[in-house]
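Here are a few exercises to try with the structure open beside you. Work through each task before you read its solution.

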Amino acid sequence: LLVKNAKQVVQVCDGGETCLIGDSMKSLALIQQNNEDGVDIVVGRDGTIVAVDHSSEIQKKYGACEFDQTLDATNMCVIPGLIDGHTHPVWAGDRVHEFSMKLAGASYMDVHKAGGGIHFTVNHTRNATEDDLYDLLRARLQSMLRCGTTTVECKSGYGLDAETEIKMLRVLERAKRELPIEISSTYCGAHAVPKGMTVKEATLDVIEVQLPRIQDLMSKGELQVENIDVFCDKGLFETEETKSILEAGVRAGLAINIHGDELHYVKAAELAASLGARAVSHLEEVSDAGIKAMAEAGSVAVLLPTTAYILRLKTPPARQMISEGVAVALGSDFNPNAYCLSMPLTMHMACVTFRMSLEEVLAAATINAAKSIGRAATHGSLEVRKVADMLIINAPRWEHFIYQMGCHQELLKMVIKRGEIV
Ligand code: NIG
Ligand code: FE
């Protein structure tokens, strides 16, 4: 595949596996059209990038090659496919009714304690068939693809028992086989304490019942789970329970990727960093010490502007994280509470509400999100040998994609996953 004559190509990173935004923006490489010379991208048959350069250079080197397909990107821009670092896309039963409760003043925990929130979704998800859940998931993932997401982290967590958690993870496996979007699966059995159980019982159930069954299915090749998640907060799984669950997860070969310090400060960031976490999400209430610990451990902060917005939470200290050397990533946090499938909208919100620059949100939704799911060596930037996941934007400057709110169908000319148009 040859993408020809683009006006701008934003590679994002030139030569590194991560982009610690804040220390320097030089890693956000931008190749621009100069005079008549556009920018070309050559993709190999294996779906990886072979070359990115000015058209005259590509012509010199590859002029004699026959391409299966040539896409004319005249007056358009190319950026890496977006990576959504945090979603909960497998569930039945929306919670539109709770939106009005929250608008009337109920807090997230008020709704949760009244038996709604996650519990409401758990009831519906337990009762749904695998086919029902798959149909719901497919529509959501297709919508994400249409908004430019080419790779997505997807959590279980609306089962809270072995049977339903495994059902959710199986639904994700089917999506991996049948859809072009790429998925990193996360087991989140400790998303809430199921009704009728104490937190101690729920913790034991995760460690002694759910995890061993999942591990068994992983060893048989029936499930491919990459990460373990816990909703670590006051009144949910607190630091002690979280620690034992995460240790069990690590023994099962999973990478740590948790919900932490969202509603209350519970030292979740410190704990996760001490266990070598790949990522911690939310972090609205994180402490200075937590930020320091994450920077030292190299744990990625996955920030979720839609949730902070919809629940009117404190703004996570994105600027402080960036200046202290924490890699900041972004996620849509798609779930029945924050119903957003769009990364461009999420990025726009991060610019305004978290005071991040356009360059920072692009790195956060590409290379840094890749790092949060352990894919920075292969994904997240338009570099030679990486997978050719890219978006062709029908605008003379790439920033239009973030600047223009809401409707991306007009702007997003093409979504390419592993060198194929989807
Ligand atoms: O990321 N904070 C915990 N989990 C989700 C919400 C899940 C739900 O309310 O269904 C989140 O916001
Ligand atoms: Fe979440």
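**Exercise 1.** Work out which spacing the donors of the iron ion (ligand 2) follow along the chain.

*Solution.* In this predicted model, the donors follow the pattern H-x1-H-x170-H-x73-D. Now put names to the letters: the iron ion (ligand 2) is coordinated by His86 (NE2), His88 (NE2), His259 (NE2) and Asp333 (OD), at 2.0 to 2.6 Å. Next, find the last two on the chain. His259 sits in strand β12 (residues 255–260), while Asp333 is in the loop between β15 (328–330) and α13 (343–353), so this pair ties together parts 74 residues apart in sequence. Both His259 and Asp333 are buried.

**Exercise 2.** Decide whether the rings of Trp91 and Phe334 are stacked or edge-to-face, then do the same for Trp91 and Tyr339.

*Solution.* Start with Trp91 and Phe334: their ring centres are 5.7 Å apart and their planes meet at 20 degrees. Planes under 30 degrees apart count as stacked, so that's what this pair is. Trp91 is in the loop between β8 (82–87) and α2 (96–103), and Phe334 is in the loop between β15 and α13, 243 residues away. Now take Trp91 and Tyr339: the centres are 6.1 Å apart and the planes are at 85 degrees, so this pair is edge-to-face. Put together, the ring pairs link Trp91, Phe334 and Tyr339 into a cluster.

**Exercise 3.** Sort Trp91, Phe334 and Tyr339 into buried or partly exposed.

*Solution.* Buried means under 20% relative accessible area. Trp91, at 1%, is buried, and Phe334, at 0%, is buried too. Tyr339 has 48%, so it counts as partly exposed.

Note on methods:
Residues are numbered from 1 along each chain as its sequence is written. Chains are lettered from A and ligands numbered from 1 in the order in which they are written. This is a predicted model: local features need pLDDT of at least 70, side-chain atom pairs count only at pLDDT 80 or more; totals for chains, interfaces and linings use all residues. Side-chain values use heavy atoms; hydrogens and water are left out. Donors are N, O and S atoms within 2.8 Å of the metal (3.2 Å for Na, K and Ca); water is not among the atoms, so sites may look incomplete. Helices (H or I, at least four residues) and strands (E, at least two) are DSSP runs, numbered from the N terminus. Buried means under 20% relative accessible area, exposed over 50%, partly exposed in between (1.4 Å probe, protein chains only). Rings of Phe, Tyr and Trp (its six-membered ring) pair if their centres lie within 6.5 Å; planes under 30 degrees apart count as stacked, over 60 as edge-to-face and the rest as tilted.
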